[in-house]
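Please examine the model shown here with attention to its sheets, its buried residues and its charged pairs. The explanation below it follows that order.

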Amino acid sequence: MIKYHQMLNIGAFYIWTGFRPVVFAFSPEFFEAILKNPSNLQKSFGYTFLSLWLKEGLIVSEGNKWKQRRKAITSAFHFRILEDFVSVFDCQSNFMIKKLKEATAGGKVVDIVPYTTKCTLDIICETSMGIKLRAQDDGDAVYLTSMHKVCEAFISRLLRPWLWPNWIYFNTHEGKMFKENIFAMDKFTRQVIQEKKAEVLSKLQIGEESGSEKKRKVFLDLLLDLHLCDPEKFTEEDIQEEVDSFMFAGHDTTAVGTSWTLYMIGLYPEVQEKLIEEIDAVFGNDINKPITEDCLRELKYLECVIKESQRIYPPAPFIARHTQEDVEIDGLKIPKGTTCMLVIYMLHRNKDMFPDPETFDPDRFLPENSIKRHPFAYCPFSAGPRNCIGQKFAMMEEKTMIANVLRHFRIQSMEQRDKLKLAAEMVLRSRNGIKVKLIPRR
């Protein structure tokens with residue numbers, strides 16, 4: 001293995017975990033060398049700890065199976081389908097506003113994270129499975145609770161190498177609870193899939209057609225289409241793998257991404273006023289005007305604010321790859337079989353790419369200021385062939401939620417950045433929450 005000073009020159013360092021070499025990388029050049037290489041698409045071994053839940057879904061699958069699934073599922077994120085989802089984003093975020101008004105009456109301070117989390121869970125359930133979970137109204141909280149416990153247990157196990165062997169882990173109390181929570185989620189999604197399939201088959205049998213009323217197709221509908229075309233090639237189990245993967249990947253990341261953006265807006269009044277001006281220019285004084293994709297397209301400064309917030313507080317602070325062939329970076333070789341931890345949190349603080357990196361400056365992402373930036377200097381959704389398939393979905397969802405908050409409130413963040421206790425779990429959290437005061441605008 002190459003020496004430390006050589007590694008630091010290419011923006012990386014390494015450690016050994018037992019017999020496994022692990023490289024921690026934080027330079028755009030290293031990110032490009034790993035993420036752009038079509039031969040190094042394999043996720044790191046740690047993702048196997050989620051295999052009991054996600055099986056071989058898009059997040060953890062490899063090789064030809066991943067390529068076929070990626071190609072088939074890409075159609076679910078076509079812009080015309082995403083247009084239909086904006087009404088769901090708008091409806092559920094307006095319900096979040098209602099809950100926030102109740103919680104902040106009399107000037108009370110709230111932790112914004114539970115509200116955005118329940119909102120994004122309701123959104124992902126409605127857009128992926130076509131059901132209303134009503135998590136914001138304290139509906140079926142079993143799925144939400146189980147998901148959070150599974151994610152916490154995953155990180156806990158990842159940090160304790162002595163729990164990596166299955167025969168040890170699943171004999172511990174934590175391992176048994178991990179299984180119980182996964183079975184609870186499995187039961188929920190399996191039931192939804194079977195009910196939806198029965199509904200589709202029933203309509204096919206009686207020859208029901210959509211007629212002039214075009215029904216919005218959710219993610220599960222598209223997967224059922226694939227299943228019914230070739231049940232042996234794409235089974236019910238395959239459907240469940242992808243639904244679970246979509247629920248997992250599209251829920252917590254957007255929730256914390258929205259929360260961090262609201263927090264940054266609440267810290268910088270001049271940014272907030274500029275945002276309010278932009279939002280009012282699009283919606284006027286009509287706080288009930290529905291948000292459409294055309295509206296979102298006009299909110300250009302809001303998109304810059306979201307991107308800069310994700311630069312400073314990336315929802316996924318790191319990603320990992322397992323090299324399947326040697327990789328050469330600036331004449332130095334990273335051998336096959338190395339786990340590469342790509343630390344997005346550090347990448348986004350590269351002084352050459354982002355001068356004065358701790359300063360919050362949304363103008364960094366104006367088109368004219370982004371032209372000369374290295375294409376792998378900013379990777380909140382990963383990059384290359386295995387980038388996040390739902391990144392446009394996430395951006396539209398976050399813009400809708402934040403725009404609706406600012407149509408009703410001004411935000412005041414209660415703690416400065418140096419007071420936060422950051423935790424790099426599966427998503428980047430603040431252990432002491434993200435506390436804000438919401439001041440009604442009207």
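The paragraphs that follow lead through two sheets, several individual residues and a set of salt bridges.

This is a predicted model, in which local features need pLDDT of at least 70, side-chain atom pairs count only at pLDDT 80 or more, and totals for chains, interfaces and linings use all residues. Residues are numbered from 1 along each chain as its sequence is written, and side-chain values use heavy atoms, with hydrogens and water left out.

Helices (H or I, at least four residues) and strands (E, at least two) are DSSP runs, numbered from the N terminus. Two strands are said to pair if DSSP finds at least two bridges between them. Strands of a sheet pair through backbone hydrogen bonds, either parallel or antiparallel.

One open sheet has four strands in the order β1-β2-β7-β4, and its pairing is mixed. Its edge strands are β1 (12-17) and β4 (318-322), each of which pairs on one side only. Neighbouring strands of this sheet are turned by 25° against each other on average, direction ignored; for such angles, axes are lines fitted to C-alpha atoms, for helices over the stretch in contact, and angles run from 0 to 180 degrees between N-to-C directions.

The pairing can be traced across the sheet. β1 and β2 (residues 20-25) run antiparallel and are joined by six bridges, with F13 opposite F24 in β2. Helix α2 (residues 28-35) packs on the sheet, touching β1, β2, β4 and β7 (339-343), and its direction makes about 130° with that of β7; contact here means heavy atoms within 4.5 Å. β2 and β7 run parallel, joined by four bridges, and A25 stands opposite L342 in β7. On the other pairing of β7, five bridges link it to β4 in the antiparallel sense, and R321 has C340 in β7 as its bridge partner.

How many of the five residues of β7 are buried? Five of the five are, so β7 is largely enclosed by the rest of the structure. Buried means under 20% relative accessible area, exposed over 50%, and partly exposed in between (1.4 Å probe, protein chains only). T339, M341 and V343 point one way from β7, whereas C340 and L342 point the other way.

An open sheet of three strands has the order β3-β11-β8, with antiparallel pairing. β3 (109-111) and β8 (409-413) stand at its edges with a single partner strand each, so one side of each is left without a neighbour in the sheet. The twist from one strand to the next averages 40°. Five bridges join β8 to β11 (residues 435-440), and I411 has L438 in β11 as its bridge partner. α18 packs on this sheet, where α18 touches β8 and β11, and its direction makes about 100° with that of β8.

Two loop residues have a positive phi although neither is a glycine: R134 at about 60° and S382 at about 65°. R134 lies in the loop between α6 (113-128) and α7 (141-158) and counts as exposed because its relative accessibility is 51%. S382 lies in the loop between α17 (367-370) and α18 (391-408) and counts as buried at 14%.

A charged residue without a charged partner is found in helix α4 (residues 63-73), namely R70. R70 is buried yet has no salt bridge, the nearest side chain of opposite charge being E242 at 9.9 Å. Lys and Arg count as positive and Asp and Glu as negative, while His and the chain ends are not counted. A salt bridge is a side-chain nitrogen of Lys or Arg within 4 Å of a carboxyl oxygen of Asp or Glu. Leaving aside neighbours within four places in sequence, R70 is in contact with L58, P385, R386, N387 and I389.

The structure holds 17 salt bridges. One of them joins D280 and R441, with the closest N and O atoms 2.6 Å apart. D280 lies in helix α13 (residues 269-283) and R441 in the segment after β11, so the pair ties together parts that are 161 residues apart in sequence. E303 and K399 also meet in a salt bridge (3.0 Å, N to O). E303 lies in helix α15 (residues 300-312) and K399 in helix α18, so this pair ties together parts 96 residues apart in sequence. E303 is partly exposed at 25%, whereas K399 is buried at 5%. Finally, E293, D294 and R297 are linked in a network of salt bridges.
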